[in-house]
Amino acid sequence: MIMTATTTITEITPKRRIRAVFYAVNGLGLGHLTRLIALCRAMQAQNPLLDALFITTSEADNLLNKYGIPYVHLPSKNLASQSGSLTYRRLARLYSAVVNPVFDVFQPNILVVDTMVTGSMQDLLNVLRFGNFFKVYVHRARKLEAYEDYTIQAQRFYDLVLTPHYRDTEVIPMPAGFNVPLYWSGPLMLTHRHEAHTRQIVRTRFGIQEHEKLVLISLGGGGDDTNPQTLDFLLRMLAPIPDIKLLFAEGLLRKEAYQGLGNVLVTSEYPVSRLLDGVDFAFASAGYNTFHELLYFGVPTMFVPKLRGYDDQVLRATRAADKGACLVAVEDENFEAIAQQHLGVLLDNEKRQHIAQAACQYVPENHVQEAADAIWQAWQLWDNPLPQEPISPQEG
């Protein structure tokens, strides 16, 4: 049960030190890690007495240093596979050998897990079953065919399932026979509008003249092997257009794939969303974070959705395009022709303005603070359960 949104922060802020573990796996992008950093910061904003510790396999774990968050790093499956030094079985044993003592030593009050319900290698099963702390599962929707029954049923180990989508916009399978609360928070992002750099600051920083347009290319964290091919086409398509400057948001996971960009401006700023108020339009993949940030900041965008095993980027982008909030070009045999058509739309000032307005209506808010509220409120109910009414002799 979640308390109403009218509850004030001062009413729900705990008065003692609380320890929380955040568990973020590695992916082809930075989505898992970024969502949990955003949630962690929002929870700490409400309760400065929150002590956070991350467990992560992300190869971009150094981003936690940026926010002063301590963490335990586990080798990712991708890195283990490339090195050949760890078999799947040994990697699983290593995960469990590290994860279980972390909980024994840190003794958390709260656990927040993103996407991988029992951990990357089932390494959370022990603490989920026997840990006496409040457990939160951040359930980003996935392709329906990608769900397995055990991943749905394993949500029964959690005290709260938080889904970062608007209510009933996605299918969120829940465990049958268990009354696990489901909270629809709406989109979670790391940057609020008031935290972004102003348009003038961005344009001055990159030397953009008054008559020039700044065009962003953002293909996610950099873990997708098709990104170089996509980038090559976009650069060739945009190079002949006068009075535009291209800004490439370098993937933090595989920087080496994007060298030699000539006169294209390159940024490795994280989060890149701080630059979006200075961008005139964009070309981007449609991962959860990139997608929601661009629409939230009202950037007219042509999305190039990438194929994923779990995440349906095509569906995410197409739904928004149906509302006029963006443009979509799928990388099939018609990709180049459709991209050229969309470029014509993005170069039209009036059409760009219509897309920007629709984008802001599609993703009007960053709901990370409401999500943090929901976690604190549900935790307080769990930590301080309502007293039970005594059973009368007639009922006993």
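Accessible areas come from the Shrake-Rupley method with a 1.4 Å probe, and in this predicted model the accessible surface of the chain comes to about 18,200 Å², of which 51% belongs to carbon and sulfur atoms.

**View 1. The whole chain, with its helices and strands.** The chain of this predicted model holds 14 helices together with 13 strands. Of its 396 residues, 54% are buried. When contacts between residues at least 6 apart in sequence are considered, 68% of them join residues that are at least 24 apart.

**View 2. The open sheet of seven strands and the helix α5 that packs on it.** Read across the sheet, the strands follow the order β3-β2-β1-β4-β5-β6-β7, and their pairing is parallel. At the edges are β3 (71–73) and β7 (182–184), each of which pairs on one side only. On average, and with direction ignored, neighbouring strands of this sheet are turned by 20° against each other. Helix α5, which covers residues 88–106, packs on the sheet and touches β1 (18–24), β2 (50–56), β3 and β4, while its direction makes about 175° with that of β2.

**View 3. The pairing of β4 with β5.** Strands of a sheet pair through backbone hydrogen bonds, in either a parallel or an antiparallel way. Here strand β4 (residues 110–114) and strand β5 (residues 134–138) pair in the parallel sense, and five bridges connect them. One residue pair to look for is Asp 114 with Val 138, the latter being the bridge partner in β5.

**View 4. The crossing of helices α10 and α13.** The axes of α10 (residues 288–296) and α13 (residues 349–362) come within 7 Å of each other and cross at roughly 115°. On the α10 side the residues that meet the other helix are Phe 291, Leu 295 and Tyr 296, and in α13 they are Ala 359, Cys 360 and Tyr 362. Sorted by class, this contact has six nonpolar residues, with no polar and no charged ones.

**View 5. Asp 311 and the residues around it.** Asp 311 is placed in the loop between β12 (301–303) and α11 (313–322). Its relative accessibility is 7%, which is under the 20% cut-off, and Asp 311 therefore counts as buried. The side chain of Asp 311 is joined to that of Arg 316 by a polar contact of 2.6 Å. Leaving aside residues up to four places away in sequence, Asp 311 touches Arg 140, Ala 141, Lys 143, Gly 287, Tyr 288 and Arg 316.

**View 6. A cis peptide bond before Pro 271.** The bond that leads from Tyr 270 to Pro 271 is cis, and its omega is near -5°. Pro 271 itself belongs to the loop between β10 (265–267) and β11 (281–284).

**View 7. Gln 107 and Asp 243, shown for their positive phi values.** Gln 107 is a residue other than glycine, yet its phi is positive, near 50°, and its place is in the loop between α5 and β4. With a relative accessibility of 46%, Gln 107 counts as partly exposed. Asp 243, likewise not a glycine, has a positive phi of about 65° and is found in the loop between α9 (227–238) and β9 (244–249). The relative accessible area of Asp 243 is 43%, so this residue is partly exposed.

How values were computed. Residues are numbered from 1 along each chain as its sequence is written. This is a predicted model: local features need pLDDT of at least 70, side-chain atom pairs count only at pLDDT 80 or more; totals for chains, interfaces and linings use all residues. Side-chain values use heavy atoms; hydrogens and water are left out. Axes are lines fitted to C-alpha atoms, for helices over the stretch in contact, and angles run from 0 to 180 degrees between N-to-C directions. Helices (H or I, at least four residues) and strands (E, at least two) are DSSP runs, numbered from the N terminus. Contact means heavy atoms within 4.5 Å. Ala, Val, Leu, Ile, Met, Phe, Trp, Tyr, Cys and Pro count as nonpolar, Asp, Glu, Lys and Arg as charged, and the others, Gly among them, as polar. Buried means under 20% relative accessible area, exposed over 50%, partly exposed in between (1.4 Å probe, protein chains only). A polar contact is a pair of N or O atoms within 3.5 Å; within protein, one must be able to donate a hydrogen and the other to accept it, and residues adjacent in sequence count only if both atoms are side-chain atoms. Two strands pair if DSSP finds at least two bridges between them.
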